[in-house]
Each structure stands twice: as C-alpha cells, then as structure tokens.
Amino acid sequence: MIKRVTNKAQPWFSYPDYTWKEKTATVIGAGIAGSQVAWHLAKRGWRVTVIERHTKPATEASGNLAGIISPKVTAKPSLGEDFYLQCYQYTLQQIEELQTSADSDNNSETLNWNPVGVLQLAYKERDIQRWKQLQQRSFSKSLLQCVDAETASLIANVEIPYPAVYFPQAGWINPASFCNTLLSHENITLETDTHALDIDYQDDHWRINSSPSHNLYQTEALIICSGKDLNFAPIDPNNPITTLPSEMIAGQTSLAIQQQDGQTSLNNHLKTVLDHEGYITPVINDQQQLLFGATYHRGSSDNRISAEADQQNFDKLKRHLPNLAKELSSIKSGHAAIRSVTPDRLPLLGAVADLSAYQRDYVDLHHGKHWKTYADASYYPNLFISAAYGSRGLTTAGLCANVLASIMNGDASPVGKKLLDALHPARFTIRQLKKNTINSTS
Ligand SMILES: Cc1cc2nc3c(=O)[nH]c(=O)nc-3n(C[C@H](O)[C@H](O)[C@H](O)COP(=O)(O)OP(=O)(O)OC[C@H]3O[C@@H](n4cnc5c(N)ncnc54)[C@H](O)[C@@H]3O)c2cc1C
C-alpha cells in the first residue's frame, strides 16, 4: 500500500513518479497554504475540492486583516535567503497574473494588494552589521536598497531613527482577498462548514469523513493544509503525521488611528510598511486604521483576543518608534491566531513519508556508510502536506504550492534539489537518524 521509490543517492528525499487516472484532489484547509495548493493544481487541469471547517476561507492564521509580503535577506548568501527571495519574487509575479486576469473578468474576486514598500529597520547592533554587509552586496535597486535614517524617514513620511533595508516592491495584502481570489478558479469547489474528521485509503482513493453533514469525500490525492492542526492518522492510528515537528506560536495584531494634534490627516500619515521587532502598516481601511503587531507567544495555543496583547504591541512599537507611537489613538484588537513553526523555520512540503519505515530502513545512517545502498523511500500513497508556514506564509506558500503541484503532476521542479530536500517533511527524522538521536527525542 505504501509507495516506494528508487534513487540510490539519497533515497530518503526522492519522490515517486506519480500516475493518475482522474487528477482529483482534496485539500483540507482554506487558509493561504490550501488556497495556493488548490489554485496551482487547478491551473494544471486538476479538479480540486477544498474542505474548510469554518464558514469562510482565511479564518485562522490567514485571517489577519493585513499581512506583509516581503523577503528575508541575510548578511551573506544562504539557503534561507535564497528560499525567501525566490518565494517573494514568485508571489509578486503571481499577484500580477491574478490582477491581470481579474481585469479581463469582471466577476473575479478583488485582490486587496498594496505595494507600498517595506522598510526593515536596523534597530539593533546585529541589524546594523547586516545592513552594512548588505550594502557591499550587489542587489538590483528594484529588489532592495540600504537607506540611511533620513532617507527612510522621507520614504515612510514619519520620523525613522534608524537606517533601513528598503524593499520598494513589497507591501501588504489582505489575506482573505488573496485566498478568495485563488479559490475562485473554475476547477475548484469550496466546501465550507465541513470539518474533516478522519481519513483512510481504499481502492486507490482517499476517503475523508466529515462533520456535521457526514459527507464522505473520495479523492485520488489528498493534501493536508490544515495549519496548526496536523492531527490525522492515515492508515495506521499509531503513526499519525503529527509526529512531524511543529510548534504553535500564538499571535495578535492591533489596530489604531494615527493623528497629529487630534487631527487625522492623510498627508502626514505613514506611507510604507515598517518592519521592526514587529510591523506597522499604513492605513488599511475606510476607518483610517493602521495595523500593527504582532505578539509572539511560543508554545501557546490560545487564540483569544486580549487587551494585554494590544498593550504588548503598543509597547513594542513605542520602544522602537516612540514618535509614531505617540500619534496612535483608538487602539483596538485586530485578529488573533496560531502560527505553526518547525525547528528550522522552513515549511513542511512534499509527500507524507511513512516515518516508521524510515526508522527501520535508515536506522544506521549515523554510521555514514556512503557506499551502502539503502532501501527506497516509503510514502503513504498520494498523500501530501503543505504546512508550518510560521510568520511568512503569505510570501512563501505560493512558490511552495507550485513546487508541490509540480511533484504531483510530474513537472520539472521550479526549485533546485537542495531546496526541495530542505523542505522535505521527513527531514527531521533523517537528521535524527544521522545523529543517532532518534530514540532519545521521539
Ligand atoms: C498575528 C499574525 C500575523 C501574521 N503576519 C504575517 C505577515 O505579515 N506576513 C506573512 O507572510 N505571514 C504572516 N503571518 C503568518 C501567516 O498568516 C501564516 O503563515 C499563514 O496564514 C499560514 O497559513 P495556513 O494555510 O498554513 O494556515 P491557516 O490559515 O491556519 O489555515 C488552515 C486552515 O485549515 C482549516 N482546518 C484545519 N483542520 C481542519 C479540518 N480537520 N477540517 C477542515 N478544515 C480544517 C482551518 O480552519 C484553517 O482555515 C501571521 C500570522 C499571525 C498569527
């Protein structure tokens, strides 16, 4: 029942060549991860059903009112930087494609995308060192510019006491508008108010039992995009995919109005996103509210809105941008939700491996027998995951969905093998096996 694949070099990271009779897929979860996977498969001609337990998409982590789309750059080139830059550029192109197709289709959802630029403030010594190193590297000006405090202040239209890395094409998006636009593809059926309870595999199909309607969904391929809740036990209840490591981090954003001398004047408003220890956007709605935050509570699964979290967001802003903080009034709670994060901060993307088979087949990896031929990788049949997007899912879930759809559809990978391996859902088990720490930690 378990699919096996041969690649003698590193068989544990290789995927099978998938063959499909119908090209039907079901995605569990209509956040940004699920919406992106559904769209990328739909574009390839698949018929996709998206199951969401809430009454509408983008309700949990993707339910924030405004999220930042920007890259992450490191002092020196790194795999992480490469990943975030590729994701960022891909997402900007995708947004342009979605906007172009919306222009030619009056019925399309409206994408609330605001490329107002993002200034990442170098507010501490380590950031200043990184800023200096980035100055020495050659980036195109349209990607990033290292600007001094004076220039940053001119760009932002508010006083900035730090130098900053400026991403002129970056900005903020309303995540619900992003998800709704993606899910409006004609090959996608959205089933809301539908909670996927359990899954099992029979006759070459996954079956998903749901509540409250008790509908049974049957599909060739199943993709788990359920955010913080990866609690499914495919085939073997003793081997749930929750053994994939991810930590919950609760977060809340806040809203406020910017006023000078009691007056709201758009002329003096913040004009670009500021990214410090948290972030603050320009006005995001008709009520002239700016959005700022977010809190970061490691290990917490509490997604209730609290006044305490608003205070923490305000205090953080005041610490870095006291003059801007002074101008904020009418502070209200934005949205609270749980981020899901892996130990290496990269998402879990790919086919779901049978980890007990990995532990059996690769038990002696720590001996470093480079000459040894290892067994083929074992995967659950046609079961995939796209999850654990941490604090950057709006930027990263698009390219990751394209990678996953290319694996499933047998297309050339849009990213290199090194990155593909770095995202593999079984990478933590392989690392543990190589270090021989599997028994002590699992
Ligand atoms: C406060 C805060 C601020 C953030 N700011 C940014 C930002 O500025 N930029 C950025 O890029 N990212 C930001 N993020 C992170 C980003 O929001 C996440 O990375 C992203 O939303 C994760 O998307 P997801 O689809 O994996 O998860 P979710 O959006 O949580 O989606 C999972 C979906 O699966 C559904 N589901 C789960 N289990 C089942 C089931 N059994 N049956 C049916 N449905 C199910 C859930 O209801 C949910 O809708 C922020 C996150 C938070 C919390």
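## An enclosed helix

Let's start with helix α5, which spans residues 175–183: seven of its nine residues are buried, so the helix is largely enclosed by the rest of the structure. Keep in mind as you browse that this is a predicted model.

Which residues of α5 are buried? They are P175, S177, F178, C179, T181, L182 and L183.

## Two helices that cross

Next, take a look at how helix α2 (residues 79–103) packs against helix α9 (residues 393–409): the angle is about 85 degrees, and the axes lie 8 Å apart. That makes α2 roughly perpendicular to α9, because angles of 65 to 115 degrees are counted that way.

If you would like to select this contact in your viewer, the α2 side consists of F83, Y84, Q86, C87, Y88, Y90, T91 and Q94. Their counterparts in α9 are L394, T395, T396, G398, L399, C400 and N402. How do the residues of this contact divide into nonpolar, polar and charged? Eight are nonpolar and seven are polar, while no charged residue takes part in the contact of α2 with α9.

## A covered strand and its partners

Strand β22 covers residues 377–387, and eleven of its eleven residues are buried, which leaves the strand mostly covered.

Strands of a sheet pair through backbone hydrogen bonds, in either a parallel or an antiparallel way. Strand β22 offers an example of each. With strand β14 (residues 221–224), β22 runs parallel, and three bridges join the two; here L222 has L383 of β22 as its bridge partner. With strand β21 (residues 348–353), β22 runs antiparallel, joined by five bridges. In that pairing, A353 is matched with Y379 of β22.

## A small open sheet

Finally, there is an open sheet of three strands, arranged in the order β11-β12-β13 with antiparallel pairing. Where do β11 and β13 stand in this sheet? Both β11 (195–202) and β13 (216–219) stand at the edges; each has a single partner strand, so one side of each is left without a neighbour in the sheet. From one strand to the next, the twist averages 25 degrees.

For a closer view of one pairing, consider strand β12 (residues 205–211), which is joined to β13 by four bridges in an antiparallel arrangement. Within this pairing, R207 finds its bridge partner in Q218 of β13. As you look along the strands, remember that in a regular strand the side chains alternate between the two faces of the sheet.

Note on methods. Residues numbered from 1 in each chain as written. Predicted model: local features only at pLDDT ≥ 70, side-chain atom pairs only at ≥ 80, totals over all residues. Heavy atoms only, no water. Axes fitted to C-alpha atoms, helices over the stretch in contact; angles between N-to-C directions. Parallel < 35°, antiparallel > 145°, perpendicular 65-115°, else oblique. Contact = heavy atoms within 4.5 Å. Nonpolar A, V, L, I, M, F, W, Y, C, P; charged D, E, K, R; others polar. Buried < 20%, exposed > 50% of the residue type's maximum accessible area, 1.4 Å probe, protein only. Pairing = 2+ DSSP bridges.
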